[in-house]
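Visitor: Could you pick one spot in this model, take me through it closely, and then show me how the rest fits around it?

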Amino acid sequence: MTHIPTFVETNRALPFVSVVVSFRSGSVHDPPEREGLSRITARMLRRGCEGYTKEKIEESIDALGAEFGADTLMSGTTVSFEVIARSLDKMVDLVSTMLSKPTFAEEELARLLRESKAELIESRDSDRLLAGRAFRRTLFANHPYGRRAAGTLQTLAVIGKADVLAFYKRHYTQRNVVVAISGDISEAEANGVAQRLMAGLPEGEPVPDAASPPTIAPGRRLVIVDKPDRTQCQMIAGGLGTHPRDSDHVPLFVANTIFGGTFTSRLMQEIRVKRGWSYGASSRAGFDRQRDAFAMSAAPAATDAPACLSLMIDLLAAFRKDGITQEELDFAKKYLVRSHAFEIDTARKRVHQKLESALYDLPEGYHATFLEKVQATTLRAANAAVRERLSEDDMVIAAVGTASEVADALSKAVPKLANVTVVPFDIE
């Protein structure tokens, strides 16, 4: 049997064990015209396996007092459970069967697909989700990072059992998995649990990353998601950000703390505190195996949206041109150092950092040396990272609103627009 990479954090304070099984395959591995397949496959694990119907699986989980979940992100699929220590063996037996002997019953697949379609339709009620979807779809056009993990109504309609089986056989293997276990368990016991969970799966082959480094189209592009009767306008604006292997990754993270990472950040102070345009305003630089997005967000009233958007772009331009001050840098460092304790205050959080490092191919010692790199960040390095990685010229702006009321004003609020697109809120 293949050695299963297993990370362990023992904590005897409470008699609970948390287990996370992560396969290194996610929505970026969905085949063309099959968006949502990886997520459907993961969710089907709970719908039946050898000796268990869907109902019996649910009854067994409840009887053990356990929690179970399975879902998909861009670069990984996670199967997780938490259970009281005395019931661990029975839960491991159940999950091992779910992982290695799923039935993928046709009637359950049809039911899950109907439920998933209903969830997609229901998600249209969230303007925030619509803005985020439009932003990523436009920024990462023709790139796997622009795909929707949940799929679309069109792609879910063509997914069949053969697709699920093919995805399962290719990606659910011993050489494509990482396991993290924490709680009331020793390292030796945890390694045994990992081996038992994976024993019924084939050795397989490591699955390479399906995403290449993304690029951004030049110019400012505005996409308006047209939704009737909106009094508020959800907005997201940004472009490509950073990657953990960039030498200036941490300096940019530190600088963004000042720009949009706290309640006292520039975005929050200028947009909420001084002008009262939006309850919240923030910015974030995410990361994955490839370079991910940098995004600013706010949700002003429709009447304030043009001025708010113009200010967000101006603040980003000033952020790049003038940089941050030494006083701001000192504050950000202290804030990050003090708040870091909440990132590692439980065994589960600590082991998840190790899992994240393996799942996303982070640099050696990324989490262990994070605070050291924060404290070593200089004013020059932080400002250079902002100028190098961010752009107020090449960016995507996504706004959800009633197009007849906001489209013209939003277009006029952004100088030198390369493109304006209006799409219906139920486009997918």
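Guide: Helices here are DSSP runs of H or I with at least four residues, strands are runs of E with at least two, and both are numbered from the N terminus. With that in hand, let's start at Ser278, which sits in the loop between helix H10 (266-273) and strand S10 (281-287). A quick word on where the numbers come from: this is a predicted model, where local features need pLDDT of at least 70 and side-chain atom pairs count only at pLDDT 80 or more, while totals for chains, interfaces and linings use all residues. Residues are numbered from 1 along each chain as its sequence is written, and side-chain values use heavy atoms, with hydrogens and water left out.

Back to the loop. Ser278 has a relative accessible area of 5%, so it is buried (buried means under 20%, exposed over 50%, partly exposed in between, using a 1.4 Å probe and protein chains only). Setting aside neighbours within four places in sequence, Ser278 is in contact with Ile271, Arg272, Ala298, Ala299 and Pro300, where contact means heavy atoms within 4.5 Å. A bit further along the chain there is Ala305, 27 residues from Ser278, and the two C-alpha atoms are separated by 9.3 Å.

Two other loop residues are worth a look for their backbone angles. As a rule, most residues other than glycine have a negative phi. Phe104, in the loop between H3 and helix H4 (106-123), has a positive phi of about 50° without being a glycine. Lys416 has a positive phi too, near 60°, and lies in the loop between helix H16 (403-413) and strand S13 (417-424). Their surroundings are another matter: Phe104 is buried at a relative accessible area of 2%, whereas Lys416 is exposed at 79%.

Now into the interior. The largest nonpolar core has 49 residues, and those with the most contacts inside it are Val21, Phe68, Phe81, Met91, Leu197 and Met198. By nonpolar core I mean a set of buried Ala, Val, Leu, Ile, Met, Phe, Trp, Tyr and Cys residues joined through side-chain atoms within 4.5 Å. Helix H3 (residues 88-100) gives the most to this core, with seven residues. Take Phe68 as a way in: not counting residues up to four places away in sequence, Phe68 touches Arg46, Ile61, Val79, Ser80, Phe81, Met91, Val95 and Met98. There is also a second, separate core of 47 residues, which includes Leu309, Leu315, Val386 and Val414.

Helix H3 is also home to Leu88, which counts as buried at 9% relative accessibility. Beyond four places in sequence, Leu88 touches Val17, Phe81, Val83, Ile185 and Val193. Ile185 is 97 residues from Leu88 in sequence, yet their C-alpha atoms are 9.8 Å apart.

Val17 and Val193 turn up again around Ile181, which is in strand S7 (residues 177-183). Leaving out neighbours within four places, the contacts of Ile181 are Thr6, Phe7, Val8, Glu9, Val17, Ser18, Val19, Ala190, Val193, Ala194 and Val351. Ile181 comes out at 0% relative accessibility and so counts as buried. Ala194 is 13 residues from Ile181 along the chain, with 8.4 Å between the C-alpha atoms.

For a contrast, try Arg114 in helix H4: with a relative accessible area of 51%, Arg114 is exposed. Its C-alpha atom is 9.0 Å from that of Ala157, 43 residues apart along the chain.

Finally, zoom out. The protein chain has 16 helices and 13 strands, and 54% of its 428 residues are buried. Among contacts with a separation of 6 or more, 84% join residues 24 or more positions apart. The C-alpha atoms fill a box of roughly 65 × 50 × 35 Å along the principal axes. For 428 residues, a compact globule would have a radius of gyration near 22 Å, and the chain's 23 Å agrees with that; the radius is taken over C-alpha atoms, and the globule rule is 2.2 Å times the number of residues to the power 0.38. On the outside, the accessible surface is about 19100 Å², with 51% belonging to carbon and sulfur atoms (Shrake-Rupley method, 1.4 Å probe; for residues, only the protein chains shown count as cover).
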